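Let's work through this one together, a question at a time. Keep the picture open while you read.

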Amino acid sequence: MSKFSIFIKAAGGVIATSIALLTALRENPQIGQGIDSAIEKLKSATNSENPKLRFDAKIAAIDAAADAVEVHFPGSAEPARWRRQAQGLRMRGELAWNSNTGSAQRRAMKALNSETAEVLGGVNARLVELQADQQELSD
């Protein structure tokens, strides 16, 4: 798989999550600052060659999604799980970034970016399900 296709796959999950978060923002202005911050990081990351910046943006999107779900769907189990996953990835990312250099650092961050994109894809899928369930209840 080429670098370009990996980036497109990761960016697709990020963009879809952003759309879901914007939908939540419209109905929950109290979480607006966290979502705005995450979206700004996502915008910067999509145009960046820096793997750490892309990684941090994905982690921020996971955290913002957890906040949005916690406020919008009280009692959901997902936010705690997402935060644990994000915290684990964040710690591993800091270790990979600070303890490696050169090609070892690039390989470690590439693997973590890929893993984080998978988690973000799962978060996005669940956000879509929650919103669809909510839409069905309101119809």
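Q: Which helix does Q105 lie in?
A: Helices here are DSSP runs of H or I with at least four residues, strands are E runs of at least two, and both are numbered from the N terminus. The run to look for covers residues 102-138, and Q105 lies in it: helix α5.

Before going on: this is a predicted model, where local features need pLDDT of at least 70, side-chain atom pairs count only at pLDDT 80 or more, and totals for chains, interfaces and linings use all residues. Residues are numbered from 1 along each chain as its sequence is written, and side-chain values use heavy atoms, with hydrogens and water left out.

Q: Is Q105 buried or exposed?
A: Buried means under 20% relative accessible area, exposed means over 50%, and partly exposed is in between (1.4 Å probe, protein chains only). Q105 has a relative accessible area of 16%, so Q105 is buried.

Q: Which residues does Q105 touch, not counting those up to four places away in sequence?
A: A contact means heavy atoms within 4.5 Å. One partner also offers a polar atom pair: the backbone oxygen of N100 lies 3.4 Å from a polar atom of the Q105 side chain. Leaving out residues up to four places away, the list is A96, W97 and N100.

Q: How far apart are the joined side-chain atoms of K52 and E94?
A: K52 lies in helix α3 and is buried, with a relative accessible area of 11%. Beyond its neighbours within four places in sequence, K52 is in contact with E94, W97 and M109. A polar contact is a pair of N or O atoms within 3.5 Å; within protein, one must be able to donate a hydrogen and the other to accept it, and residues adjacent in sequence count only if both atoms are side-chain atoms. The one joining the side chains of K52 and E94 is 2.6 Å.

Q: How far apart in space are K52 and M109, C-alpha to C-alpha?
A: Along the sequence, K52 and M109 are 57 residues apart. In space, their C-alpha atoms are separated by 7.1 Å.

Q: Which residue caps the N-terminal end of α3?
A: Look for a side-chain oxygen 2.8 Å from the backbone nitrogen of K52. That oxygen belongs to N50.

Q: How many of the 22 residues of α3 are buried?
A: Start with the length: at 1.5 Å a residue, α3 (residues 51-72) should span 32 Å, and its end C-alpha atoms are 31 Å apart, which agrees. The expected span is 1.5 Å times one less than the number of residues. The helix is largely enclosed by the rest of the structure, because the buried count is 16 of the 22.

Q: Which residue joins its side chain to D63 by a polar contact?
A: D63 is found in helix α3, and at 21% relative accessibility it counts as partly exposed. Leaving aside neighbours within four places in sequence, D63 is in contact with R83, A86 and R90. The polar contact is 2.4 Å long, and the partner is R90.

Q: What arc do the buried residues of α4 cover around the axis?
A: In α4, the buried residues are E78, P79, W82, A86, L89, G93 and A96. They sit on the same side of α4, because the arc they cover (taken from the directions from the helix axis to the C-beta atoms) is only 115°.

Q: Which residues are exposed on the other side of α4?
A: An α-helix has 3.6 residues a turn, so residues three or four places apart point the same way. Opposite the buried side of α4, the exposed ones are R84, L95, N98 and S99.

Q: Which residues have the most contacts inside the largest nonpolar core?
A: A nonpolar core is a set of buried Ala, Val, Leu, Ile, Met, Phe, Trp, Tyr and Cys residues joined through side-chain atoms within 4.5 Å. The largest nonpolar core has 19 residues, and those with the most contacts inside it are I62, W82 and V123.

Q: Which helices each supply at least two residues of this core?
A: The chain has five helices and zero strands. Those that each supply at least two residues of this core include α3, α4 and α5.
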